[in-house]
Amino acid sequence: MALLGFIHPARLLGANTSSKSIFRALSRATAPTAFAHNSYSRRSFSNYLVTPTELSEALKKAPPSPISSEPRVIPLCASWFMPNDPQGRTGIDVFREKRIPKARFFDLDKVIDKRSPYPHMLPNPKSFAEAMGGLGIRRDDIVVVYDSLELGIFSAPRVGWTLKVFGHPRVHLLNNFRLWVDQGLPTESGNVWTVECGTYPIPELDESKVASYEEVREVALDHNKEGAEGVQILDARSHGRWTGQAPEPRQGLSSGHMPGSINIPFDAVLDSESKAFLPADELKKLFTQRGVDPAKPIISTCGTGVTACVVETALKEAYGPLENVKVYDGSWT
């Protein structure tokens, strides 16, 4: 965009214009900036978890229009299914079948570290920025990630966590798309509409949110040793996989668990019917019953780092913005 040269206000308003009139004119000229800031604040959600009604109202006020220069509300579908899904479903298939109008699709199998032999490892900052730009998402957009109708809550927390790790300022999670549909809110289907790509600034990765292999290995080896720091490992896999009685969904991978880990299957933090997150008081009761101490450091893990983020979200819903919680990116693989 070309820059306009500076023109003194008196030339615009007339040579005999008083300084007081010039001040009033300048105040009016700068008012849109203040208005944009206020409208940005009004469109922000008060909690990380967003209800269908809250998202519906926000989309009416700030639809994801490519011509808008103000912060927009962007629904971001993060549907993903296990590789051994009995129905052979894929995220993009269910996205085409039913989605929130104007939503974009985040492919959890593609926005990864493609050099790693392990699935779903975090991409590098440049790759993340390219993916966001390809989705037409701007850094000042308010992104609301949501899951599939079929699973309720499953992979969306992982994508929400990824956006937070790379410092996207406004990220929220819909709780959930199944309730959105049940409440009769609008949906669309068919081929994906084209978005206007943009340039997303290359961010920095917040390493304080990510547990490394070396860190987790040390915690496991130090289990029950005198002087150990007492880091808690929460495993979101099913109880059968955690005990070693059920097989892992990926061939060649044995089941079992890390020494000292606490098993909290991810579906235990969800309502049995709606598959939405349980209320905060029920989540707190669950964690207390499982022996989780929110005052001590916590590492959340699972199979590939997807449902570990479900438990990480539940922890923060129960106890508030804990700063001592990390996700083990590699997880059991």
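**Exercise 1. Asn 176 and its polar contact**

Task: In this predicted model, find which backbone oxygen lies 3.1 Å from a polar atom of the side chain of Asn 176, and describe the surroundings of Asn 176.

Solution.
Step 1. Look at the side chain of Asn 176: one of its polar atoms lies 3.1 Å from the backbone oxygen of Lys 275.
Step 2. Place the residue in the fold. Asn 176 sits in the loop between β5 and α7.
Step 3. Decide whether it is buried or exposed. The relative accessible area of Asn 176 is 0%; buried means under 20%, so Asn 176 is buried.
Step 4. List its contacts, leaving out residues up to four places away in sequence: Asn 176 touches Pro 52, Gly 152, Ile 153, Ser 274, Lys 275 and Ala 276. Lys 275 thus appears in this list and also supplies the backbone oxygen of step 1.

**Exercise 2. Cys 197**

Task: Determine where Cys 197 lies, whether it is buried or exposed, and which residues it touches.

Solution.
Step 1. Cys 197 belongs to the loop between α7 (177-182) and β6 (210-211).
Step 2. Its relative accessibility is 55%. Exposed means over 50%, so Cys 197 counts as exposed.
Step 3. Not counting residues up to four places away in sequence, Cys 197 touches Gly 133, Gly 134 and Gly 136.
Step 4. Take Gly 133 from that list. Cys 197 and Gly 133 are 64 residues apart along the chain, and 5.5 Å separates their C-alpha atoms.

**Exercise 3. β4 and its partners**

Task: Work out which strands pair with β4, starting from β2 and β5, and which way its side chains point.

Solution.
Step 1. β2 pairs with β4 in the parallel sense, over five bridges. Within this pair, Ile 74 has Val 143 of β4 as its bridge partner.
Step 2. β4 and β5 also run parallel, joined by three bridges. Here the bridge partner of Val 144 is His 172 in β5.
Step 3. Add the helix: β4, α6 and β5 make up a right-handed β-α-β unit.
Step 4. Sort the side chains of β4. In a regular strand the side chains alternate between the two faces of the sheet. Ile 142, Val 144 and Tyr 146 point one way, while Val 143 and Val 145 point the other way.
Step 5. Check burial: five of the five residues of β4 are buried.

**Exercise 4. α6 and the nonpolar cores**

Task: Describe how covered α6 is, and relate Leu 163 to the largest nonpolar core.

Solution.
Step 1. Nine of the ten residues of α6 are buried; among them are Trp 161, Leu 163 and Val 165. Just after α6, Gly 167 has a positive phi of about 75°.
Step 2. Leu 163 touches Leu 76, Phe 106, Phe 128, Met 132, Val 143, His 168 and Val 171, with residues up to four places away in sequence not counted.
Step 3. The largest nonpolar core has 54 residues, and Leu 163 is among those with the most contacts inside it, as are Leu 76, Val 145, Val 269, Phe 277, Phe 287 and Leu 315.
Step 4. Elements that supply at least two residues of this core include β2 (73-77), β4 (142-146), α6 (156-165) and α10 (280-289). The element that gives the most is α11, with seven residues.
Step 5. Another core, of 19 residues, lies apart from this one; Ala 58, Ala 62, Ile 142 and Phe 177 are among its members.

**Exercise 5. The five-stranded sheet**

Task: Give the strand order of the open sheet of five strands, and explain why one side of each edge strand is left without a neighbour.

Solution.
Step 1. The order is β6-β10-β9-β7-β8, with parallel pairing.
Step 2. β6 and β8 (262-263) stand at the edges; each has a single partner strand, so one side of each lacks a neighbour in the sheet.
Step 3. α11 packs on the sheet and touches β7 (232-235), β9 (298-301) and β10; the directions of α11 and β10 make about 170°.
Step 4. Follow the pairs. β6 and β10 are joined by two bridges, with Ala 211 opposite Tyr 328 in β10. β7 and β9 are joined by four bridges, with Ile 233 opposite Ile 299 in β9. β7 and β8 pair over two bridges, with Asp 235 opposite Asn 263 in β8.
Step 5. In β7, Gln 232 and Leu 234 point one way, Ile 233 and Asp 235 the other, and all are buried.

Terms used: Residues numbered from 1 in each chain as written. Predicted model: local features only at pLDDT ≥ 70, side-chain atom pairs only at ≥ 80, totals over all residues. Heavy atoms only, no water. Buried < 20%, exposed > 50% of the residue type's maximum accessible area, 1.4 Å probe, protein only. Contact = heavy atoms within 4.5 Å. Core = buried A, V, L, I, M, F, W, Y, C linked by side-chain atoms within 4.5 Å. Polar contact = N/O pair within 3.5 Å; in protein donor to acceptor, adjacent residues only side chain to side chain. Pairing = 2+ DSSP bridges. Right-handed = clockwise from strand over helix to strand, strands pointing away. Axes fitted to C-alpha atoms, helices over the stretch in contact; angles between N-to-C directions.
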